[in-house]
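Hi there,

Here is the structure I promised to pass along. Please have it open while you read, and my notes follow below.

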Amino acid sequence: MTDGELRSVTSKDASKMQPLGKALLALNNGHAQQLSWLEPERLEHLIEQAFLARTIGNLDAFMLTFDQDARYDSPNFLWFRARYPRFVYVDRIVVASSARGRGCARRLYHDMFEHAVRAEHERVVCEVNMSPPNPVSDAFHAALGFVEVGTASVYDGSRTVRYLSRPLSVPAAISMPR
């Protein structure tokens with residue numbers, strides 16, 4: 001794999017027996033406060049359910065998304081499913097500290113927007129922590145055209161989140177590097 005290449009991830013790739021599976025868990029669990037901790041079996045299940053699971057380069061970044069039909073019990077995902085008939089939910093996106101500032105998150109989002117449009121989805125949704133706050137993520141999502149559509153206290157009050165939505169008819173404000 002070349003540096004910076006976008007690559008799909010399968011549940012087989014994410015197996016705890018595979019180097020990529022171990023690396024994905026390490027990257028995810030290193031950011032568990034923002035994302036939530038995953039056990040190896042849970043990661044495999046989630047990727048099996050994914051609308052799109054992608055990495056960049058040698059695991060510079062990782063994105064995991066679901067559509068409305070996924071078998072997923074996250075309270076945030078279920079909040080959106082109760083309100084929208086068709087959507088792509090960004091469950092997690094993480095960029096390795098060594099790859100920050102290189103446009104990885106922007107590339108993953110634009111790639112996912114293209115897949116979602118081709119699959120005729122109406123919107124992309126996600127949540128961003130309010131408590132603990134995540135101002136960088138707030139600014140990033142606002143620049144991509146996401147707007148707040150709700151808030152909730154989740155995980156026994158340990159987090160408060162803002163629910164965001166972006167209709168796929170809205171062009172992203174952040175341009176892609178050439």
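Let me start with a contact between two side chains: E41 and K16 form a salt bridge, with 3.0 Å from N to O. E41 belongs to helix 3, while K16 sits in the loop between strand 1 and helix 1 (19-29), so this pair ties together parts that are 25 residues apart in sequence. Both ends are partly exposed: E41 has a relative accessible area of 46%, and K16 has one of 40%. Please keep in mind that this is a predicted model, and that the values here are computed from it.

Helix 3 takes part in a second salt bridge as well. There, R42 of helix 3 pairs with D73, which lies in the loop between strand 3 and helix 4 (75-81), so parts 31 residues apart in sequence are tied together. The N to O distance for D73 and R42 is 2.6 Å. As for their surroundings, D73 is exposed, at a relative accessible area of 51%, which puts it over the 50% cut-off for that label. R42 is partly exposed, with 30% relative accessibility.

How many salt bridges does the structure hold? The count comes to eight. Another of them joins the side chains of D91 and R92, at 2.7 Å from N to O. Are these two residues buried or exposed? D91 and R92 are both buried. There is also a network of salt bridges, linking D138, E148 and R162.

Now for the fold as a whole. The chain has six helices and seven strands, and from the N terminus they follow one another as β-α-α-α-β-β-α-β-α-β-α-β-β. The seven strands make an open sheet with mixed pairing, in the order 1-2-3-4-5-7-6. Which strands stand at the edges? They are strand 1 (6-8) and strand 6 (147-154); each has a single partner strand, so one side of each is left without a neighbour in the sheet. Direction ignored, neighbouring strands of the sheet are turned against each other by 25° on average.

One pairing to look at is that of strand 4 (residues 88-95) with strand 5 (residues 123-131): the two run parallel and are joined by two bridges. In one of these places, V88 has V124 of strand 5 as its bridge partner.

Helices pack on this sheet too. Helix 3 (residues 40-49), which you met above through its salt bridges, touches strand 2 (52-56), strand 3 (61-67) and strand 4, and its direction makes about 60° with that of strand 3. Helix 6 (residues 135-143) also packs on the sheet, where it touches strand 5 and strand 7 (159-167); the angle between its direction and that of strand 5 is about 155°.

Finally, some totals for the chain. It has 178 residues, and 50% of them are buried. Among contacts with a separation of 6 or more, 62% are between residues 24 or more positions apart. The accessible surface is about 8,800 Å², and carbon and sulfur atoms account for 51% of that.

If you would like a place to begin on screen, try helix 3, with E41 and K16 in view, and then go on to R42 and D73.

Best wishes

Definitions and conventions: Residues are numbered from 1 along each chain as its sequence is written. This is a predicted model: local features need pLDDT of at least 70, side-chain atom pairs count only at pLDDT 80 or more; totals for chains, interfaces and linings use all residues. Side-chain values use heavy atoms; hydrogens and water are left out. Helices (H or I, at least four residues) and strands (E, at least two) are DSSP runs, numbered from the N terminus. Buried means under 20% relative accessible area, exposed over 50%, partly exposed in between (1.4 Å probe, protein chains only). Contact means heavy atoms within 4.5 Å. Accessible areas come from the Shrake-Rupley method with a 1.4 Å probe; for residues, only the protein chains shown count as cover. Two strands pair if DSSP finds at least two bridges between them. Axes are lines fitted to C-alpha atoms, for helices over the stretch in contact, and angles run from 0 to 180 degrees between N-to-C directions. A salt bridge is a side-chain nitrogen of Lys or Arg within 4 Å of a carboxyl oxygen of Asp or Glu.
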